[in-house]
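Got your viewer open? Keep the selection box handy, and we'll go from one stop to the next.

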Amino acid sequence: MTTMDAVPLGAGTLAELLLRDDAGRPGLPYEDSEGGAPLRCCLRRSRPGERIALVSYAPLRRWAAATGADPGAYDEQGPVFVHAAGCAGPAPGGGQAFAQPGALRTVRRYSAAGHILGGRVLALEEDAGAQLERAVAEAFTDPGAALVHVRAAEFGCFLYEVRRP
């Protein structure tokens with residue numbers, strides 16, 4: 001694996017989450033006056049003045065529904081920031097916006113059945129993007145790993161997933 005293909009929230013998922021999120025609540029858009037929120041629809045930080053929403057998202061549940069897996073107790077949901085209206089999706093290299101030196105990231109690998117196989121915490125250094133790519137590539141050396149979740153360790157927030165190449 002030479003590049004990490006971070007999977008953003010798709011347009012259909014974004015529309016569903018704004019209508020009713022995975023906790024059953026409607027998305028409540030607001031203007032982000034400061035910027036800097038990690039947007040999961042385009043895998044970049046928000047800009048001051050953008051309309052965004054904080055919604056509850058269950059990434060493993062949605063992946064499992066599409067693949068027929070049953071994550072059981074590993075099904076989690078948590079807060080994610082998204083654009084409050086349509087989103088053009090990520091620019092090439094999506095996910096690198098979340099690779100800041102000094103940040104803590106968790107890289108978790110999951111089986112095709114939706115069960116967690118393990119993970120590790122990374123303290124990102126100067127080569128944060130390359131460091132994350134190496135950690136994801138390492139996770140896929142486990143032949144049972146079907147996908148990898150990258151999360152912010154400080155809050156446990158889901159940032160993006162990478163599927164087996």
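This is a predicted model, and the tour begins inside it. Select Val-150 and show whatever it touches. Leaving out residues up to four places away in sequence, you should see Arg-105, Thr-106 and Val-107, then Leu-132 and Val-136, and finally the run Cys-157, Phe-158, Leu-159 and Tyr-160.

Now widen the selection to the nonpolar core. The largest one has 22 residues, and Val-150 is among those that touch the most other members, along with Val-107, Leu-132, Val-136 and Tyr-160. Colour by element next: helix H3 (128–139), strand S9 (145–152) and strand S10 (158–163) each put in at least two residues. H3 is the top contributor, with five.

Next, pick Ile-52, Tyr-57, Val-82 and Phe-158. These belong to a second core of 16 residues, separate from the one you just left. Phe-158 should look familiar, as it was on the list of Val-150 contacts.

Move on to helix H2, residues 59–67. Which of its residues are buried? Select Pro-59, Leu-60, Trp-63 and Ala-64 to see them. They span an arc of only 125° around the axis, so they sit on the same side of H2. An α-helix has 3.6 residues a turn, so residues three or four places apart point the same way. Flip to the other side of H2 and you'll find Ala-65 and Ala-66 exposed.

What lies over the buried residues of H2? Show strands S5 (51–57) and S7 (104–111), plus S9 and S10, which are all part of the cover.

Last stop: step past the end of H2 to Gly-68, where phi is positive, near 85°.

Terms used: Residues numbered from 1 in each chain as written. Predicted model: local features only at pLDDT ≥ 70, side-chain atom pairs only at ≥ 80, totals over all residues. Heavy atoms only, no water. Core = buried A, V, L, I, M, F, W, Y, C linked by side-chain atoms within 4.5 Å. Buried < 20%, exposed > 50% of the residue type's maximum accessible area, 1.4 Å probe, protein only. Helix = DSSP H or I, 4+ residues; strand = E, 2+ residues; numbered from the N terminus. Contact = heavy atoms within 4.5 Å. Arc of directions from axis to C-beta.
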